[in-house]
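Q: Could you walk me through how the labels on this one are earned? I'd like each term held up against its cut-off.

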Amino acid sequence: MTTTSSGGCLCGAVRFTATGVEAHHHACHCGMCRRWSGGAPFFAANTDGVEFEGAEHLARYESSSWAERGFCRRCGTALFYFLKPTQAYMMSVGAFDDQSPFQLVLEIFIDSKPEGYAFAGEHARWTEAETLARLAPP
Ligand SMILES: [Zn+2]
Ligand SMILES: [Zn+2]
């Protein structure tokens with residue numbers, strides 16, 4: 001199921017409307033995501049387009065040569081992971097106003113996950129090698 005959905009950062013300076021939002025989302029346990037998200041994995045929902053309001057408050061950090069991470073420069077809310085080769089926004093599930101449709105269906109970089117937490121449920125779990133083989137840009 002995909003839908004159009006709105007959201008924003010904690011302080012409200014940045015708002016967004018995303019189209020083609022996939023309610024089936026993934027969690028990334030990689031070290032960069034956990035550092036960026038304050039120790040938690042990054043819950044990311046694929047979209048096919050995003051429009052921002054308050055873009056002057058939006059900061060973009062180039063975390064690798066192929067991706068940027070977006071956040072509010074006022075309150076620091078992590079808003080998205082942006083894949084440059086495909087121009088695709090993966091929005092932070094926690095930034096959506098209505099998070100009730102979202103369902104975790106995939107964990108990636110499972111071999112980077114610390115012992116201290118684990119998600120219940122039957123769903124796919126990919127190692128770093130499996131993740132890169134499936135998602136890395138050519
Ligand atoms: Zn903010
Ligand atoms: Zn990650």
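What follows is a run of questions and answers on a predicted model.

Q: What makes the chain as compact as a globular protein of its length?
A: Its radius of gyration is 14 Å, and the globule rule gives 14 Å for 138 residues, so the two values are close and the label follows. The C-alpha atoms fill a box of roughly 35 × 30 × 30 Å along the principal axes.

Q: How many helices and strands are there, and in what order do the elements run?
A: The chain has two helices and eleven strands. Starting from the N terminus, the order reads β-β-β-α-β-β-β-β-β-β-β-β-α.

Q: How confident is the predictor, on a scale from 0 to 100?
A: The mean pLDDT over the chain is 95, and 97% of the residues reach at least 70. Among the elements, helix 2 (residues 128-135) has the lowest mean, 92, while strand 11 (residues 124-125) has the highest, 98.

Q: Why is Phe-80 called buried?
A: The label needs 20 or more other C-beta atoms within 10 Å. Phe-80 has 24, so it is buried. This residue is found in strand 8, and it touches Gly-70, Tyr-89, Met-90, Met-91 and Ser-92, leaving aside residues up to four places away in sequence. By contrast, the C-alpha atoms of Phe-80 and Lys-113 lie 20 Å apart, with their positions 33 residues apart in sequence.

Q: And what is Leu-83 called: buried, exposed or partly exposed?
A: Leu-83 has 16 other C-beta atoms within 10 Å. Buried takes 20 or more and exposed takes 12 or fewer, so a count in between is partly exposed. That is the label for Leu-83, which also sits in strand 8. Its contacts, again leaving aside residues up to four places away, are Trp-66, Ala-67 and Ala-88. Ser-65 is 18 residues away along the chain, with 9.6 Å between its C-alpha atom and that of Leu-83.

Q: What makes strand 8 mostly covered?
A: Five of its six residues are buried. For the protein chain, buried residues make up 31% of the 138.

Q: How do you know that strand 8 pairs with strand 7 and with strand 9?
A: Pairing takes at least two bridges between the strands, so the thing to do is look at the bridge counts. Strands 7 and 8 have five bridges, and strands 8 and 9 have four. Both pairs are antiparallel. On the strand 7 side, Gly-70 stands opposite Phe-80, and Arg-69 has Tyr-81 as its bridge partner. On the strand 9 side, Leu-83 stands opposite Ala-88.

Q: Which residues take a positive phi in the two hairpins?
A: In the hairpin of strands 7 and 8, with five residues between the strands, Gly-76 has a phi near 85 degrees. In the hairpin of strands 8 and 9, with four residues between the strands, Gln-87 has a phi near 55 degrees.

Q: What is the order of the eight-strand sheet, and why do two of its strands count as edges?
A: This open sheet runs 6-7-8-9-4-3-10-11, with mixed pairing. Strand 6 (58-64) and strand 11 each have a single partner strand, so one side of each is left without a neighbour in the sheet.

Q: Which strands form the three-strand sheet?
A: That one is also open, in the order 1-2-5, with antiparallel pairing. Its edges are strand 1 (2-8) and strand 5 (49-53), because each has a single partner strand. From one strand to the next, the twist averages 15 degrees. Strands 2 and 5 are joined by five bridges, with Glu-51 in strand 5 as the bridge partner of Thr-17.

Q: What makes up the largest nonpolar core?
A: It has 29 residues, and Ala-44, Leu-79 and Met-91 have the most contacts inside it. Strands 2, 3, 4, 7, 8 and 9 each give two or more residues to this core. The largest share, five residues, comes from strand 8. Not counting residues up to four places away in sequence, Met-91 touches Ala-18, Ala-44, Ala-45, Thr-47, Val-50, Leu-79 and Phe-80.

Definitions and conventions. Residues numbered from 1 in each chain as written. Chains lettered and ligands numbered in written order. Predicted model: local features only at pLDDT ≥ 70, side-chain atom pairs only at ≥ 80, totals over all residues. Core = buried A, V, L, I, M, F, W, Y, C linked by C-beta atoms within 7 Å. Contact = placed C-beta atoms within 7 Å. Axes fitted to C-alpha atoms, helices over the stretch in contact; angles between N-to-C directions. Rg over C-alpha atoms; globule rule 2.2 N^0.38 Å.
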